[in-house]
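Me: I would like to learn how to read the nonpolar parts of a model, both on the surface and in the interior. Could you take me through them one by one?

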Amino acid sequence: MLSGTAAMTFRKGSPRHVLAGKVFVASMLTMGVFAVYLAFTRHQPNNIGGGILTVYLIGTAWLTARRRDGETSRIDWVLFLVPLTLGILTWMNGIKVVRSGASSQDGVPVGMSFFMGSVMLLAAAGDVRMLVRGGVSGAKRIARHLWRMCFGLFIASGSFFLGPSNRPLRLLSTVGIGKYLPPALFSTTLYLILTLLPLILLIFWLVRVRFTNAYNGKSIPGTGSTWSPPD
C-alpha cells in the first residue's frame, strides 16, 4: 500500500516513481499469488477469486504501461476470459445469496458481490473494446493503466484495513508500538476512509485524464515502468 501510494504521488518518470511502481507491481503480484494458494488450502472460494482478480488487474495494468500505443497480443484474448468468468460467477453467487434470503455470505455483504462482479464485467468489456480497436493509445491508455492500478490498491487496502481481527492493530502491536497509539487510529470509520481513498483518487484522475485537455496527445512510455499522475 505504501509503494502504491508513493507511485501515485511521485512525479512521472522520476527515479522514485519508477522504483515505487516496480515495488508495487512485485508486491501485489506476490500477494495475489499467495492469496490464491492460501485460499485453495483453506477452502475459501471468495479469496481465490479475489487473488486471481488482483493478479489480473495489476498484470494488465503493467502490460499497458510496458507496451507501445496500439499494441496488443494473443495473450490478451486469454486474459479477457479471467474477468469475464469471475464476473459471471460472482453475479451468480450474489443472486444465489439473495434468493436464499440472506444479506451476506461469509461476512461479505451481498451488495459487495454485485459491485465486484460489475467491476469484473466492466474490465472484460474494456478488454474487448481494446482488442476490437487494435489497442489503446494516448489518454485512453493512461486511463486503462490508471484505473487498474488504483483498483488493485483498493483491494489491498480493503483486505488490510477491513480484514478480520483488526490487522493494523495487530501489525503495530507486533512491532511494539500499538499500545502507545490512540484508539481513534484503529476505528472502523478511519479504516473505511482509508479503504475508499484509492477509489476516490481513481475517480478524480479518471475524470481529469478522460474529460479534460490535460492529457490530450500524451501517453506513457513503453519502458516497463508504471505510470502515475504527476505532482
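Reply: Let us begin at the surface of this predicted model, where L162, L192, L194, L196, L197, I200 and L201 make a nonpolar patch of about 550 Å².

Me: Where is L196 found, and is L196 buried, partly exposed or exposed?

Reply: L196 is found in helix 8, which covers residues 188–211. Buried means under 20% relative accessible area and exposed means over 50%, so L196, with a relative accessible area of 35%, is partly exposed.

Me: What is the general idea for the interior, and which residues have the most contacts inside the largest nonpolar core?

Reply: In soluble globular proteins, nonpolar side chains tend to be buried together. Here the largest nonpolar core has 32 residues, and those with the most contacts inside it are L53, L57, W147, F151 and I155. At least two residues of this core come from each of helix 2 (15–42), helix 3 (45–66), helix 4 (75–99), helix 5 (110–132), helix 6 (138–161) and helix 8, while helix 6 gives the largest share, twelve residues.

Me: Which residues is I155 in contact with, leaving aside its neighbours within four places in sequence?

Reply: With those neighbours left aside, I155 is in contact with L53, T54, L57 and M116.

Me: Is S157 buried or exposed, and what is S157 in contact with?

Reply: S157, which lies in helix 6, has a relative accessible area of 4% and is therefore buried. Leaving aside neighbours within four places in sequence, S157 is in contact with M1, L162, L194, T195 and P198; L162 and L194 are also among the residues of the surface patch.

Methods. Residues numbered from 1 in each chain as written. Predicted model: local features only at pLDDT ≥ 70, side-chain atom pairs only at ≥ 80, totals over all residues. Heavy atoms only, no water. Patch = residues over 30% accessible without salt bridge, like charges linked within 9 Å, V, L, I, M, F, W, Y side chains within 5 Å. Areas by Shrake-Rupley, 256 points an atom, 1.4 Å probe, with all protein chains shown as cover. Salt bridge = Lys/Arg side-chain N within 4 Å of Asp/Glu carboxyl O. Helix = DSSP H or I, 4+ residues; strand = E, 2+ residues; numbered from the N terminus. Buried < 20%, exposed > 50% of the residue type's maximum accessible area, 1.4 Å probe, protein only. Core = buried A, V, L, I, M, F, W, Y, C linked by side-chain atoms within 4.5 Å. Contact = heavy atoms within 4.5 Å.
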